[in-house]
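Biologist: I would like a close look at a single part of this model. Please take one salt bridge and work outward from there.

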Amino acid sequence: VRLATCPGHTDKIFEARFNPVDDVLVTCGVGHVKFWTMQGDNQLKGKKAVYGQDGVSHTMMCCAFTDAGLALTGGLSGDVFLWKGSHLEWQFEQAHKGPVFALATYPDGFVSGGKDGRVRLWSGLDPVKIFDFSGTCVASTIATRIRAACWRDGQVLVGTMSNEIFEVDERSMTQRLIVQSHAGAEVWGLDTHPTQSAFATGGEDATVRVYKVSSRKASMVRELPKGVKAVAYNKDGSSLAAGLVDGTVVILETKKLNVTTERRTREASLTDLKFSPDGRFLATTCLDGSLDVYDSQSDFELIGTAKTREGAGLTHLDWSLDGLFIQTDNSMKMHQYW
């Protein structure tokens, strides 16, 4: 049931939360913080934030509330603001280097997280602990940024922009990784291990990851030079092939995901790759319409190549059970046999 509606602001609103003490609604976003109350016939009335002498409005990214009903907002500037009613009570200058994306309160203070990859624990008006996550992301092309934080019974849950969730013990300062996945780009490659309850994925974040089905967690991660479009295990699972967006084929051994071989025959992105049923040959398809076959027994030497006459990019491939034929799909919706 809609109780009330009202224009919130002329620019983007990033967060809206009710104060648990007095049911005042706080909205914050580009160039504004507003405090809303319900009046009369379900009418919303907003008060603009009062910053004091300078009167300069700030862009706010998030908000939270103390047990006493005081509002906290995190600014684009890296500052955290404490509000009593609609008036600024205190400003924590340079709480973070860059925007503050996450705020949460606990009985003795609050937790803040920012673009700098740090989580800070505050007691009263003072910072007491810092947890640094800036180096946790496997993909070097993606900076770790804190997007969510939550405190409960001495444990801090931290969510990052790179799809990680950590649990931090406030007393011992230890960090436990709960979830980690691809981030910032699409996942295109997927293949199951032939003998183990595990699977591998490859993404455009330039990483290959191996997951155990039982734990539902990544057991190994390897960063590669370019984004990954396809992955494939060989017959016994001792090797994992990855096709990259720059046309490179990378072979990894599966004990530690170390790179053993690299071959670059094409300039365009690879789209698919698969080992033959006996594990000897590796076939790849490419956006330029090329089909290439490599021999694993000769250090993945290129032994055969073909190309579509139509000029259409090949998108998928599969081997026949006897390993004598290959079937492909292309971007012109044609199914071909080789």
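Is D292 buried or exposed, by its relative accessibility?

Modeller: The model is predicted, and the values below are computed from it. D292 counts as buried, because its relative accessibility is 1% and the cut-off for buried is under 20%. The side chain of D292 forms a salt bridge with R266, and the closest N and O atoms are 2.8 Å apart. This pair links distant parts of the chain: D292 sits in strand β27 (residues 290-295), while R266 is in the loop between β24 (259-264) and β25 (270-275), 26 residues apart. R266 is buried as well, with a relative accessible area of 16%.

The structure holds eleven salt bridges, the D292 pair being one of them. Another one joins K229 and E204, with 2.9 Å between the closest N and O atoms. K229 belongs to strand β21 (residues 228-233) and E204 to the loop between β18 and β19, so this salt bridge ties together parts that are 25 residues apart in sequence. Here K229 is buried, at a relative accessible area of 13%, whereas E204 is partly exposed, at 32%. K229 also lies over the face of W188, at 3.7 Å from the ring centre.

A further salt bridge is formed by R152 and D153, whose closest N and O atoms are 3.9 Å apart. R152 counts as exposed, with 63% relative accessibility, and D153 counts as exposed too, with 59%.

The loop that holds E204 lies between β18 and β19, and these two strands can be followed into their sheet. Strand β18 (residues 198-203) pairs with strand β19 (residues 207-212) in the antiparallel sense, over six bridges. Within this pairing, G202 has V208 in β19 as its bridge partner. The sheet is open and has four strands in the order β17-β18-β19-β20, with antiparallel pairing. β17 (187-192) and β20 (217-223) are at the edges with a single partner strand each, so one side of each has no neighbour in the sheet. From one strand to the next, the twist averages 20°.

Rings and charges meet elsewhere too: R147 lies over the face of F101, at 4.2 Å from the ring centre. As for contacts between rings, a search of the whole structure finds eleven aromatic pairs. Among them is the stacked pair of F110 and W122, with 5.3 Å centre to centre and 10° between the planes. F110 is in strand β10 (residues 109-114) and W122 in strand β11 (residues 118-123), twelve residues apart. F110 is buried at 3% relative accessible area, and W122 is buried at 4%.

Note on methods: Residues numbered from 1 in each chain as written. Predicted model: local features only at pLDDT ≥ 70, side-chain atom pairs only at ≥ 80, totals over all residues. Heavy atoms only, no water. Phe/Tyr/Trp six-rings, centres within 6.5 Å; stacked < 30°, edge-to-face > 60°. Buried < 20%, exposed > 50% of the residue type's maximum accessible area, 1.4 Å probe, protein only. Lys NZ or Arg CZ within 6 Å of the ring centre and 35° of its normal. Pairing = 2+ DSSP bridges. Axes fitted to C-alpha atoms, helices over the stretch in contact; angles between N-to-C directions. Salt bridge = Lys/Arg side-chain N within 4 Å of Asp/Glu carboxyl O.
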